[in-house]
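Open your viewer, load the model and keep the selection tool handy. We'll go from the whole chain down to single residues and back out again.

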Amino acid sequence: MANLISLDSIKPVARAETMREALESGGCSSASCGSSDGPADMDPAVWAKVKDHPCYSEEAHHYFARMHVAVAPACNIQCNYCNRKYDCANESRPGVVSEKLTPEQAMRKVIAVANEVPQLSVLGIAGPGDACYDWRKTKATFDQIAQQIPDIKLCLSTNGLALPEHVDEIARMNIDHVTITINMIDPEIGAKIYPWIFHNHRRYEGVEASQILHERQMLGLEMLAARNILVKVNSVMIPGVNDQHLLEVNRVVKAKGAFLHNIMPLISDPAHGTHYGLTGQRGPRALELKALQDRLADGTKLMRHCRQCRADAVGLLGEDRGQEFNLDLLPEEVAYDPSKRDAYREIVAVELGEHQTHKKGAEAGLAAVDAAPAVLVAIATKGGGRINQHFGHASEFQVFEASPEGISFVGHRKVDQYCQGGWGEDATLEGMIAALEGIDVVLCAKIGDCPKDSLAAAGIAVSDAWPHAWIESGIAAWYLATYRAELRLSA
Ligand code: SF4
Ligand code: SF4
C-alpha cells in the first residue's frame, strides 16, 4: 500500500511568489468571488453539507476524495446503457467493479481507506445495482460506518423506483446526499432507454414501465427535497434519444427541488455488451456535451466535474486507487485511526483561504482586459488546485473557460497517458490531440519539445511557465501575457 498523506501537493511553493508578481504587474485589484458556489452564495446549513463533498462542490473536488463500496448488486430496472455482468479492473465507468462486498467487508475496507487516504470525506453506494432496491445491505453498511466513522458523509445513488418507500429512513440515517438518475420525464422517450422495470412483484415493459418509473422518480425527488436532503440528478446524454429532452428534464427537476444537475455523456462500446453498445448508439462528443450544458440556464447548479467513476472507486475524482485496497491486501482486523484525516483537514482549511485569495486576484486581473475572447484552457493537475502535473503523466485535463468575465470550470477531458515508461508514445499523442478538440491552450508543470510542437501544429498552444501555481493564477498570467500583448500590438 502506498504511503499516503500526500500533503506535498498542497504545500505553498516559492513559485507562487513569481505568480503573484506577474499578476500584480498585470494590474490586479480586489474583485468578486469566482464562479463556483461558495459560502457567500448559499445558506450556511447547505454550505456545511457541500463544502467538503467532492461531487457537490467544484472547489472541494480539488481537495477531498470519495470512495464507493459495491454492496447492493440487485437491480429492479434495466437501462440500455448498463451491463451488470461486466467486471474489470481496467475499465473506468459506472457499474464496473472488481469485487462485490458484504456490509462487513465494506466496513473493513472503508476503515482501511480512511486510515490511509487523508482526503476521504464521502462514502457512496453507487451500483452496480440499486441502493434502494437492495436496501437491507445498503442500510446495514451505512449503519456500521456511521457508528465507527461518524464524520464521514453518506451518499447513495438510485434509479428512483424504490426510493419513495425509503425516504423517511434515509432522513433518519442522516444521509444528506442522494443521487437519482433521471433520463426523461416523457415516458415515450423513456421507452427507448428502459426495456423493463420490476415493481410491486410485477414486470412492466415499454411506455407503461417508463410512466411508473417517472412517477416514482418525481415523488422521491419531492419527498427528499421536502426533508432538506440534497438531491443531485444524474442524466445520461444519449444523442438522438434524449439530448434535446434534457433541457426539459433540467427545468422540471430544478423546479421540484434538485440541488444539482449532472449531465453525463453516454459511454458506449460493443465490448461492454450493453444494448446501446451492441446496437451502435454513440455517445456525445465533448463539445456536444459542453454545448448542451451551456444552454442550461442556471449554470451555478450544474455539475460539470463528474468523472463517471467506477462503482468501487477510491480517491480524488479523476484518480482511482481502488486496486490498492482490494480485500486480499487488507488485514483481517483494522481499527479506525482519524489522525491523518484530522491533520489534512487543518492544512486544507488554510490552503483553501489562500486559494480563494489568489482566485480573486486572478479574476481581477482578467477583468482589467477589454475585448479579449473567451478561451478554453486545459490544465494538467494532480489535485490541490494547482498546475502540478507533467503533460506526459496526465490521464485527464481539467478544462476551464477564461475571459474578462472570469474563470470557470467547464469539464475535463480523459486521455491515455502520453509518457509510457519514460518514453512518449506518438500513437497516444494523436488521441490526446483529438481529445483536446476546441482547447486553446494547455498549461502543465513540464512538457517536452516533441509533444509541444505536435500540439502547436494542431493549433493548441502549450505552456509550462507556471509550474505549481494555483490554476486560476496560471490561467490569468497566461491570458494577460497573451491578450495584453495582442491588444498593445493592435493599439
Ligand atoms: S439502474 Fe443502475 S444498475 Fe440498474 S440497470 Fe440502470 S445503470 Fe444498471
Ligand atoms: S460518478 Fe460523478 S457524482 Fe459519482 S462519485 Fe464520481 S464524480 Fe461524483
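Here is a stop-by-stop tour, with what to select and what is there.

**Before you click**

This is a predicted model, so some filters apply: local features need pLDDT of at least 70, side-chain atom pairs count only at pLDDT 80 or more, and totals for chains, interfaces and linings use all residues. Residues are numbered from 1 along each chain as its sequence is written, while chains are lettered from A and ligands numbered from 1 in the order in which they are written.

**Stop 1: the whole chain**

Show everything as cartoon. You are looking at 14 helices and 18 strands; helices (H or I, at least four residues) and strands (E, at least two) are DSSP runs, numbered from the N terminus. Of the chain's 491 residues, 47% count as buried. Buried here means 20 or more other C-beta atoms within 10 Å of the residue's own, exposed means 12 or fewer, and partly exposed is in between, with C-beta atoms placed from the backbone. Among contacts with a separation of 6 or more, 72% link residues 24 or more positions apart; a contact is two C-beta atoms, placed from the backbone, within 7 Å.

**Stop 2: the two ligands**

Select ligand 1 and its surroundings (residues whose C-beta atom, placed from the backbone, lies within 6 Å). You should get 12 residues, the closest being Cys75, Cys79, Cys82, Gly127 and Asn159. Colour them by class: five are nonpolar, five polar and two charged. For the colouring, Ala, Val, Leu, Ile, Met, Phe, Trp, Tyr, Cys and Pro count as nonpolar, Asp, Glu, Lys and Arg as charged, and the others, Gly among them, as polar.

Now do the same for ligand 2. Its shell holds Cys55, Arg66, Gly124, Ala126, Cys306, Arg307, Gln308, Cys309 and Leu317, which divide into five nonpolar, two polar and two charged.

**Stop 3: the cores**

Which residues have the most contacts inside the largest nonpolar core? Pick Val69, Val110, Val113, Val231 and Met237, in a core of 88 residues. (A nonpolar core is a set of buried Ala, Val, Leu, Ile, Met, Phe, Trp, Tyr and Cys residues joined through C-beta atoms within 7 Å.) Helix 3 (residues 103-116) supplies the largest share of this core, seven residues.

Zoom in on valine 231. Leaving aside neighbours within four places in sequence, valine 231 touches Val178, Ile180, Leu221, Leu224, Ala225, Gly257, Ala258 and Phe259. Apart from this core lies another, of 43 residues, including Ile379, Phe397, Leu429 and Val442.

**Stop 4: strands 12, 13 and 14**

Select strand 12 (residues 375-379) and strand 13, which run antiparallel and are joined by five bridges; strands pair if DSSP finds at least two bridges between them. Isoleucine 379 has glutamine 398 as its bridge partner in strand 13.

Add strand 14 (residues 406-414): it pairs with strand 13 in the antiparallel sense over eight bridges, and a hairpin of two residues joins strand 13 to strand 14. Look for phenylalanine 400 bridged to phenylalanine 409, and glutamate 401 to serine 408.

Are these strands enclosed or open? In strand 13 (residues 396-403), seven of the eight residues are buried, so it is largely enclosed by the rest of the structure. Strand 14 is also largely enclosed, because seven of its nine residues are buried.

**Stop 5: a three-stranded sheet**

Select strands 2, 6 and 7, an open antiparallel sheet with the order 2-6-7. Strand 2 (77-78) and strand 7 (202-205) stand at the edges with a single partner strand each, so one side of each has no neighbour in the sheet. Strand 6 (residues 196-199) pairs with strand 7 over four bridges, and histidine 199 stands opposite arginine 202. Helix 7 packs on the sheet, touching strand 2, strand 6 and strand 7, and its direction makes about 110° with that of strand 7. (Axes are lines fitted to C-alpha atoms, for helices over the stretch in contact, and angles run from 0 to 180 degrees between N-to-C directions.)

**Stop 6: two asparagines**

Finish in the loops. Asparagine 174, between helix 5 (167-172) and strand 5 (177-181), has a positive phi of about 60° although it is not a glycine. Asparagine 228, between helix 7 (206-226) and strand 8 (230-237), also has a positive phi, near 60°. Exposed or partly exposed? Asparagine 174 is exposed, with 12 other C-beta atoms within 10 Å, and asparagine 228 is partly exposed, with 14.
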